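Notebook open, model loaded. I want to go through the DNA contacts, the cysteines and the sheet, in that order.

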2 protein chains.
Amino acid sequence: MAPSENTEALSQRLATSGLRSTPQREVVYSILLKKRDHPTADEVYARVRSELPTISLATVYNCLETLVQCDLVRAVNFERGPTRYCPNLRPHAHFHDESTGRTHDIDLPPGVLDSLTRILPEGFDAKSIEITFRGQATDGRS
Amino acid sequence: MAPSENTEALSQRLATSGLRSTPQREVVYSILLKKRDHPTADEVYARVRSELPTISLATVYNCLETLVQCDLVRAVNFERGPTRYCPNLRPHAHFHDESTGRTHDIDLPPGVLDSLTRILPEGFDAKSIEITFRGQATDGRS
DNA sequence: AGTAATAATTGGAATAATTCCAATTCGCAA
DNA sequence: TTGCGAATTGGAATTATTCCAATTATTACT
C-alpha cells in the first residue's frame with residue numbers, strides 16, 4: 001500500500017474544509033492508522049512524540065479535534081474515561097471488553113443502521129447512531 | 001400511586017446487595033424518579049439539597065454509584081460531558097437532541113436487542129448494549 | 001524575494017468532573 | 001450500651017480537557 005495514499009486523503013479533506021495540512025496533523029493521523037486500538041489523547045501524544053518530539057499535548061488535542069471535524073476519525077466515549085479515537089470509517093459498533101478494557105470494532109451488516117432508525121417515533125431525525133456492546137470477549141483477539 | 005412503592009423497591013435492592021437504606025439514598029433515588037430528564041450529578045445535588053440541605057456532593061456521587069450498582073439506575077455518557085443518570089429500566093435507546101442538548105428515551109420494540117446481539121462474531125459475549133441516536137427532534141417534546 | 005495577513009502550534013494556567021481520603025457519624029447486633 | 005462496620009462529609013487531589021496569549025509557520029500578494 002502506498003503510504004502517501006492516506007496522507008493524500010487527509011490533505012484533501014483538510015483542503016475542502018479550508019484547513020491546512022501540517023506535519024503534526026499528518027503524524028497524528030498516521031499514528032491512528034498504524035495501531036487501531038482506540039488510543040486516548042495521552043496515548044496518541046506518547047506515540048507521536050517518538051516521531052515529533054517537540055509536539056505539545058494541546059496540539060495533539062487540536063489535531064484530533066480537527067480530524068474528527070473532517071470525518072476522518074470518530075471520537076468514542078465509554079463510561080467516564082477519557083475520549084478514545086477511532087479511524088475506522090466503515091459502519092461499525094464497538095465492543096468493550098470488561099476484562100481487558102479493550103475495545104473491538106464490530107462491522108455492521110448493511111441495513112442494521114437503517115432498521116434501527118426506523119424504530120424512532122415521528123419527529124426524531126437521527127444523523128448518527130452509536131452502538132456499544134459491553135461484555136467479555138472469550139477469544140484471544142488483537 | 002403509592003409513594004412508598006419505589007422506596008420499597010430501593011430498600012429491597014439494597015438489602016439483597018448487603019447495603020443499607022439511608023435517607024440520602026432514598027432522596028437521591030426519588031429525585032431521579034421525579035424528573036426523568038437525565039440530570040448530571042451536579043443537577044441531582046442541586047435538587048436534593050432542597051430536601052436534604054446538608055448532603056454533600058461526594059455523597060450524591062456515592063449514592064448514584066450505589067444505585068447504578070443495584071441496577072436501579074443507568075449511567076449514561078454522551079461525548080465529553082458529565083455522566084447523566086437515568087432511572088428508566090425498560091429496554092430503551094437514547095436520542096440526543098443536538099439543538100436543545102436534551103436526551104429522550106426511545107423505547108425499543110422487543111427483539112431489537114437480541115437481533116443486535118446476533119451480529120456479534122464468535123467469542124463475543126455481550127452483557128449489555130447501548131444505542132445512542134444523535135440528531136434533531138423537530139417536535140416539541142418533554 | 002519581501003512582507004502582511006492568517007492559521008497553527010506551543011506551554012502553561014485554568015476549568016470541570018470525579019475520586020480519594022481521613023475524620024466523624026450512623027445504625028444495627030450482640 | 002457498647003462496639004463495629006457501613007455511610008457520610010468536606011476538602012484535597014487527580015484526571016481530562018480547554019483556554020489563552022505568545023510565538024512560529026504558511027500562504028497570498030506585490
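What follows are my entries, topic by topic.

**Ground rules**

I'm working on a predicted model, so I note the thresholds: local features need pLDDT of at least 70, side-chain atom pairs count only at pLDDT 80 or more, and totals for chains, interfaces and linings use all residues. Residues are numbered from 1 along each chain as its sequence is written, chains are lettered from A and ligands numbered from 1 in the order in which they are written, and side-chain values use heavy atoms, with hydrogens and water left out.

**DNA strand C**

I started with the neighbours, taking a residue as near a molecule or strand if one of its heavy atoms lies within 4 Å of it. Which residues come nearest to DNA strand C? There are 18 residues around the strand, and Thr22(A), Arg25(A), Thr59(A), Tyr61(B) and Thr83(B) come nearest. Of the atoms of DNA strand C that come within 4 Å of the protein, sugar and phosphate make up 78%.

Next I looked up polar contacts, meaning pairs of N or O atoms within 3.5 Å; within protein, one must be able to donate a hydrogen and the other to accept it, and residues adjacent in sequence count only if both atoms are side-chain atoms. The side chain of Thr22(A) puts an N or O atom 2.6 Å from a phosphate oxygen of DNA strand C. For Arg25(A), a polar side-chain atom sits 3.0 Å from a phosphate oxygen of this strand. Thr54(A) uses a polar backbone atom instead, 3.4 Å from a phosphate oxygen of DNA strand C.

I then checked which elements are involved, with helices (H or I, at least four residues) and strands (E, at least two) taken as DSSP runs numbered from the N terminus. Helix H2 (23-34) and helix H4 (57-69) of chain A, plus helix H4 (57-69) of chain B, each supply at least two residues of the surface near DNA strand C.

For the class count I used these bins: Ala, Val, Leu, Ile, Met, Phe, Trp, Tyr, Cys and Pro are nonpolar, Asp, Glu, Lys and Arg are charged, and the others, Gly among them, are polar. The surface near DNA strand C comes out at seven nonpolar, seven polar and four charged residues.

**DNA strand D**

On to the other strand. DNA strand D has 18 residues around it, the closest being Tyr61(A), Thr83(A), Thr22(B), Arg25(B) and Thr59(B). Sugar and phosphate account for 80% of its atoms that come within 4 Å of the protein.

I found a polar backbone atom of Thr83(A) 2.8 Å from a phosphate oxygen of DNA strand D. Thr22(B) reaches a phosphate oxygen of this strand at 2.6 Å with a side-chain N or O atom, while Thr54(B) has a backbone N or O atom 3.4 Å from one. H4 of chain A, with helix H2 (23-34) and H4 of chain B, are the elements that give two or more residues to this surface. Its residues divide into seven nonpolar, seven polar and four charged.

**Cysteines**

How many disulfides are there over all chains (cysteine sulfur pairs within 2.5 Å)? The search of the whole structure gives zero. I wanted to know why, so I checked two cysteines. The sulfur of Cys70(A) has its closest cysteine sulfur in Cys63(A), 11 Å away, which is too far for a bond. For Cys86(B) the closest is in Cys70(B) at 16 Å, again too far for a bond.

I also looked up accessibility (relative accessible area, 1.4 Å probe, protein chains only: buried under 20%, exposed over 50%, partly exposed in between). Cys70(A) is buried at 6%, and Cys86(B) is buried at 0%.

**The sheet**

Last, the strands, where two strands pair if DSSP finds at least two bridges between them. I get an open sheet of six strands with mixed pairing, in the order E4(A)-E3(A)-E5(A)-E5(B)-E3(B)-E4(B). Strand E4 (103-107) of chain A and strand E4 (103-107) of chain B are at the edges with a single partner strand each, so one side of each has no neighbour in the sheet.

Strand E5 (residues 124-137) of chain A and strand E5 (residues 124-137) of chain B run antiparallel, joined by 13 bridges. One of the pairs there is Phe124(A) with Ala137(B). E3(B) and E5(B) pair in the parallel sense over four bridges, and His96(B) stands opposite Arg134(B) in E5(B). Strand E3 (residues 92-97) of chain B runs antiparallel to E4(B), with five bridges; Phe95(B) faces His104(B) there.

I stopped at His94(B), in strand E3 of chain B. His94(B) is buried, at 2% relative accessibility. Its side chain makes polar contacts with the side chains of His92(B) at 3.1 Å and Asp105(B) at 3.3 Å.

Key:
A disulfide is a pair of cysteine sulfur atoms within 2.5 Å.
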